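Me: Please take a close look at one part of this model, the charged pairs and the aromatic rings around them. I would like the residues, the distances and the degree of burial set out in one connected account.

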Amino acid sequence: MHMNVAPHLLTEDRAEYERVLDDALSTAHARPELAGVGSRLTVAQLRAMTLNATALVTSAAASEYDHFVKVREQNRASAGARDPDAHDRPGTGTGAGVVAIVTVMVPVLAGAAAVIFLLVGAVLHALAPTVAFGATLLTAGLVFGSLAAAGLLCAAAGLLVTALRNSPVEVSTGGPPAAPDDELSRAREAWRHALLERGILPFLRDALAAAPPAPTDP
């Protein structure tokens with residue numbers, strides 16, 4: 001049986017409402033006011049009745065729930081403010097992507113050109129030592145080799161800078177850090193307590209009181 005959704009109960013909190021209800025039903029044997037569970041009404045019947053009366057039950061803890069939702073929204077907003085937009089960070093975006101591609105491709109292309117020039121220049125120099133073109137190719141190969149080495153150093157430096165920039169920074173304030181989740185937890189527990197004590201338990205007591213007593217065996 002599906003639960004009727006209270007006007008002020010958000011979808012993400014339906015499961016929490018059901019958990020509080022299930023906890024109350026699972027500990028009914030320890031509550032004298034719920035002694036009729038199992039004799040007057042079964043757990044399944046009480047659960048179905050309480051889910052169908054969600055709007056009525058949750059209205060008893062409306063103020064605590066509104067405060068809990070407000071604190072949760074503020075907590076989410078502050079968490080988003082602490083995480084700057086990625087487009088505003090240095091080293092991100094389209095420009096950074098182009099720089100990264102160039103940094104990777106330059107050593108590769110320069111290294112390939114150096115190998116080709118050195119091989120061709122060495123072959124020409126071996127076959128025709130007097131031809132100046134072979135020496136020119138060897139010189140070009142050495143130049144491209146130096147360029148490839150410089151590119152590798154730049155790429156390594158870029159990786160190091162990126163790793164340092166993205167590493168988490170721990171800030172010591174000399175005292176315990178602020179924990180907005182503590183206020184959120186307190187607000188959630190206050191709502192759960194009010195929901196249980198002023199909403200679910202009174203509804204279960206009234207439902208048991210209104211149910212006819214179970215027939216006794218002759």
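Reply:

**Charged pairs and the rings around them**

A network of salt bridges links Glu 12, Asp 13, Arg 72, Glu 73 and Arg 76. The model is a predicted one, and salt bridges are counted in it with a cut-off of 4 Å between a side-chain nitrogen of Lys or Arg and a carboxyl oxygen of Asp or Glu. By this rule there are 11 salt bridges.

One of them joins Glu 12 to Arg 76, with the closest N and O atoms 2.7 Å apart. This salt bridge connects distant parts of the chain, since Glu 12 lies in the segment before H1 and Arg 76 in helix H4, 64 residues apart. Glu 12 has a relative accessibility of 43%, so it counts as partly exposed. Arg 76 falls in that class as well, because its relative accessible area is 42%, and partly exposed covers the range between 20% and 50%.

Another salt bridge is formed by the side chains of Arg 192 and Glu 16, at 2.3 Å from N to O. This pair too links distant parts of the chain: Arg 192 belongs to helix H7, Glu 16 belongs to helix H1, and 176 residues separate them. Here both partners are buried: Arg 192 has a relative accessible area of 19%, and Glu 16 has one of 11%. The value for Arg 192 is under the 20% limit for a buried residue, so Arg 192 is placed in that class.

Arg 192 has a further partner in Glu 189, where the closest N and O atoms are 3.9 Å apart. That distance is within the 4 Å cut-off, so the pair counts as a salt bridge. Glu 189 and Arg 192 are three residues apart in helix H7, so about one helical turn separates them. An α-helix has 3.6 residues a turn, so residues three or four places apart point the same way. Glu 189 is partly exposed, with a relative accessible area of 46%, whereas Arg 192 is buried.

Helix H1, which holds Glu 16, runs over residues 14–26. Its 13 residues should span 18 Å at 1.5 Å a residue, and the end C-alpha atoms are 18 Å apart, so the two values agree. Besides Glu 16, the buried residues of H1 are Tyr 17, Val 20, Leu 21, Ala 24 and Leu 25.

Now the rings. Three aromatic pairs are found in a search of the whole structure. In one, the ring centres of Tyr 65 and Phe 68 are 6.3 Å apart and the planes meet at 55°, so the pair is classed as tilted. Tyr 65 and Phe 68 lie three residues apart in helix H4 (residues 62–82), and are therefore separated by about one helical turn. Both of these residues are buried.

Tyr 65 also pairs with Trp 191, again in a tilted arrangement, at 4.9 Å centre to centre and 50° between the planes. Distant parts of the chain are linked by this pair, with Tyr 65 in helix H4 and Trp 191 in helix H7 (residues 180–210), 126 residues apart. Tyr 65 and Trp 191 are both buried. Taken together, Tyr 65, Phe 68 and Trp 191 form one aromatic cluster.

Helix H7 also contains Ala 207, which is buried, at a relative accessible area of 10%. Leaving out residues up to four places away in sequence, Ala 207 touches Leu 41, Leu 46 and Met 49. Its C-alpha atom is 9.9 Å from that of Gln 45, although 162 residues separate Ala 207 and Gln 45 in sequence.

On confidence, the average pLDDT of the chain is 80, and 78% of the residues score at least 70. Confidence is highest in H1, at 95, and lowest in helix H5 (residues 94–127), at a mean of 75. Residues 1–5 stay under a pLDDT of 50, and the model gives them 12 contacts beyond four places in sequence. The pLDDT is also below 50 over residues 169–175, a stretch with zero contacts in the model beyond near neighbours in sequence. Where pLDDT is low, the predicted coordinates should not be read in detail.

Definitions and conventions
Residues numbered from 1 in each chain as written. Heavy atoms only, no water. Phe/Tyr/Trp six-rings, centres within 6.5 Å; stacked < 30°, edge-to-face > 60°. Helix = DSSP H or I, 4+ residues; strand = E, 2+ residues; numbered from the N terminus. Buried < 20%, exposed > 50% of the residue type's maximum accessible area, 1.4 Å probe, protein only. Expected span 1.5 Å × (residues − 1). pLDDT = per-residue confidence, 0-100. Contact = heavy atoms within 4.5 Å.
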